[in-house]
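Biologist: Pick one part of this fold and take me through it slowly, residue by residue where that helps. After that, tell me what else in the structure is worth a look.

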Amino acid sequence: MSPSARDILVLGAGMVGVCVAWHLRRRGHRVTLVDRGAPGRETSFGNAGIIQREAVRPYRFPRDLPTLLRVLPNREIDIRYRPSGMAGAMGPLFHYWRHSAPQNYAHIVPAYAALITRSLETHDEMIRAADAGALIRQDGYLKVFRTGRALDSECHQAEQNAAGYGVTYQVLDHAALARKEPHLSEGRLAGAVHWTQPWTVTDPGALVAAYAEDFERRGGHFQRGTLETLSRTGQGWRAQVDGETLSAERVVLALGPWSTPWLARQGLQVPLFVKRGYHMHYGARDDARLNHWLMDAETGYLLAPMRAGIRLTTGAELARQEAPPNLQQLDAAEAAARRLFPLGDRLDPHPWMGARPCTPDMKPVIGPAPGLPGLWLAFGHGHQGFTLGPVTGKLIGQMMDGENTDVDMAPYRADRF
């Protein structure tokens with residue numbers, strides 16, 4: 001044990017929380033990881049399972065009139081909304097729209113890319129340590145397009161990302177796509193961009209669980225229970241978890257979309273809104289095989305050949321986090337996916353639903369909580385919590401131990417709002 005080791009509570013056992021705990025324990029700190037469920041069973045469980053090295057540009061709010069008019073009727077697959085959810089997040093959504101303006105967005109991309117470009121190497125370190133290589137595929141994923149215009153636009157963006165951020169890709173015409181995915185049944189596809197760097201995970205929840213098991217093998221402690229209170233005490237912090245008091249010198253708040261209510265109780269407001277998503281697993285008809293993770297880009301869903309079956313994940317739904325599920329978006333995505341690939345029966349008893357925690361400027365919150373000594377923050381990763389968990393954990397460890405960080409941390413400070 002390091003002589004400078006400190007007791008640290010990490011609240012949240014999703015990908016980000018587990019990775020923070022893993023890195024702090026690896027540095028010799030005494031760490032307890034706390035969550036109400038088993039590691040990796042919330043948002044980390046239900047995502048598309050892609051470590052997205054190519055995603056150097058965050059999803060921005062649409063500002064062009066044709067897209068806004070397309071979305072307004074609220075019948076699209078890639079984005080749906082509920083008026084109550086829009087009203088409840090009006091402030092953050094307005095600033096999301098403002099940050100998505102070209103001149104503002106251009107300043108955001110380099111800071112976002114600084115994290116994304118480190119995603120593979122930081123995952124690789126943890127995958128090797130956790131002996132989780134059997135869950136990983138390193139053949140990228142396909143983003144398919146129905147029109148030549150949309151494919152050309154994606155290729156133009158890919159060229160810029162390749163030049164600026166080392167992204168690699170291949171362009172597939174209709175015939176080349178058919179060779180890679182011979183069981184696609186829709187003949188109108190113009191082609192695809194094959195993003196060659198990303199790694200895909202056949203069971204995202206299992207990868208988080210493997211990281212958590214390695215954390216415990218290293219001497220970390222996982223405590224399952226519901227967080228009831230969090231308060232400062234003397235020079236440290238006290239958490240009440242299922243009636244038990246846990247004390248520590250430092251606390252890391254990594255509760256994803258549940259982080260901001262707890263932070264507000266400490267008097268610190270950080271704007272956050274959620275984008276919800278759904279998934280369902282399917283079989284395949286007529287011995288059809290899906291060889292790659294495949295995103296239907298212009299329609300707005302993704303198919304992934306996972307251990308549990310072919311996972312269909314929807315686009316985003318802007319709604320209150322606690323609102324009941326609305327399965328129309330999933331049903332519409334399934335209908336479109338069946339026209340593209342011969343999906344079989346549904347395999348899950350019920351659709352899964354999760355919420356992505358999003359900040360108005362599209363960058364996560366990573367670092368100390370201003371004015372609250374000993375409280376650290378690691379949330380707000382939007383669509384990329386699964387991709388950015390390991391690099392977030394590494395950076396938190398460097399900051400806590402007073403080391404030079406791999407990237408400038410100013411863009412991720414909580415007081416930037």
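Modeller: Let's settle one word before anything else: a residue is buried when its relative accessible area is under 20%, exposed when that value is over 50%, and partly exposed in between. Keep in mind, too, that this is a predicted model.

My starting point is methionine 362. Its relative accessibility is 8%, so methionine 362 counts as buried. You'll find this residue in the loop between strand S21 (352–358) and S22. Its backbone is worth a glance as well: phi of methionine 362 is near 70°, a positive value in a residue other than glycine.

Methionine 362 also takes us to an empty space. The structure holds one cavity of 30 Å³ or more, and the largest cavity contains about 120 Å³ of space. Its lining is made of 13 residues, and those nearest the centre are Tyr59, Cys358, Met362, Gly382 and His383.

Cys358 deserves a moment of its own. Cysteine 358 has a relative accessible area of 6%, so it is buried. Could its sulfur have a partner? A disulfide needs two cysteine sulfur atoms within 2.5 Å. For cysteine 358 the closest cysteine sulfur, in cysteine 19, is 19 Å away, so a bond is ruled out by distance. In fact, a search of the whole structure turns up zero disulfides. Another cysteine that is hidden away is cysteine 155, which counts as buried because its relative accessibility is 11%.

Now follow the chain from the methionine 362 loop into the strands. S22 (residues 365–368) and S23 (residues 375–379) are joined by four bridges and run antiparallel. Together they make a hairpin with six residues between them, and glycine 371 in that turn has a positive phi of about 75°. To place the register, look at valine 365, which stands opposite phenylalanine 379 in S23.

S23 has a neighbour besides S22. Strand S14 (residues 250–253) is joined to S23 by three bridges, and these two run parallel. Here leucine 253 has leucine 377 as its bridge partner in S23.

What about the side chains of S23? Leu375, Leu377 and Phe379 point one way, Trp376 and Ala378 point the other way, and all are buried. That fits the count for the strand, which is mostly covered, with five of its five residues buried.

For a second covered strand, go back towards the start of the chain. Strand S1 (residues 7–11) has four of its five residues buried, so the rest of the structure largely encloses it. Five bridges join S1 to strand S2 (residues 30–35), and the two run parallel. Within that pairing, valine 10 has leucine 33 as its bridge partner in S2.

Next, the rings. The count comes to four aromatic pairs. In one of them, tyrosine 169 and tryptophan 195 have ring centres 5.9 Å apart and planes at 55°, so the pair is tilted. Tyrosine 169 sits in strand S7 (residues 169–173) and tryptophan 195 in strand S8 (residues 191–195), so the pair ties together parts that are 26 residues apart in sequence. The two residues also have their own burial values: tyrosine 169 is partly exposed because its relative accessibility is 24%, while tryptophan 195 is buried at 4%.

Two arginines sit over rings as well. Arginine 36 lies over the face of tryptophan 258, 5.0 Å from the ring centre. Arginine 60 does this with tyrosine 105, at 4.3 Å from the ring centre.

One aromatic cluster leads on to a pocket. Phe61, Tyr96 and Phe273 form that cluster, and Phe273 turns up again in the second largest pocket, where Leu272, Phe273, Val274, Arg320 and Gln321 are the residues nearest the centre in a lining of 15. The elements giving two or more residues to that lining are helix H4 (83–88) and strand S15 (273–284). H4 supplies the largest share, three residues. The space in this pocket is about 290 Å³.

One last backbone detail, to set beside methionine 362: aspartate 242 has a positive phi of about 50° although it is not a glycine. You'll find aspartate 242 in the loop between strand S12 (236–241) and strand S13 (244–248).

How values were computed:
Residues are numbered from 1 along each chain as its sequence is written. This is a predicted model: local features need pLDDT of at least 70, side-chain atom pairs count only at pLDDT 80 or more; totals for chains, interfaces and linings use all residues. Side-chain values use heavy atoms; hydrogens and water are left out. Buried means under 20% relative accessible area, exposed over 50%, partly exposed in between (1.4 Å probe, protein chains only). Two strands pair if DSSP finds at least two bridges between them. Rings of Phe, Tyr and Trp (its six-membered ring) pair if their centres lie within 6.5 Å; planes under 30 degrees apart count as stacked, over 60 as edge-to-face and the rest as tilted. A charge sits over a ring if NZ of Lys or CZ of Arg is within 6 Å of the ring centre and within 35 degrees of the ring normal. On a 1 Å grid over the protein atoms alone, a cavity is a set of points where a 1.4 Å probe fits but cannot get out, and a pocket is an open set with protein on both sides within 12 Å along at least five of seven lines; lining residues have an atom within 4 Å of a point. Grid points are joined across faces, edges and corners, and a volume is the space filled by probe spheres set on the points.
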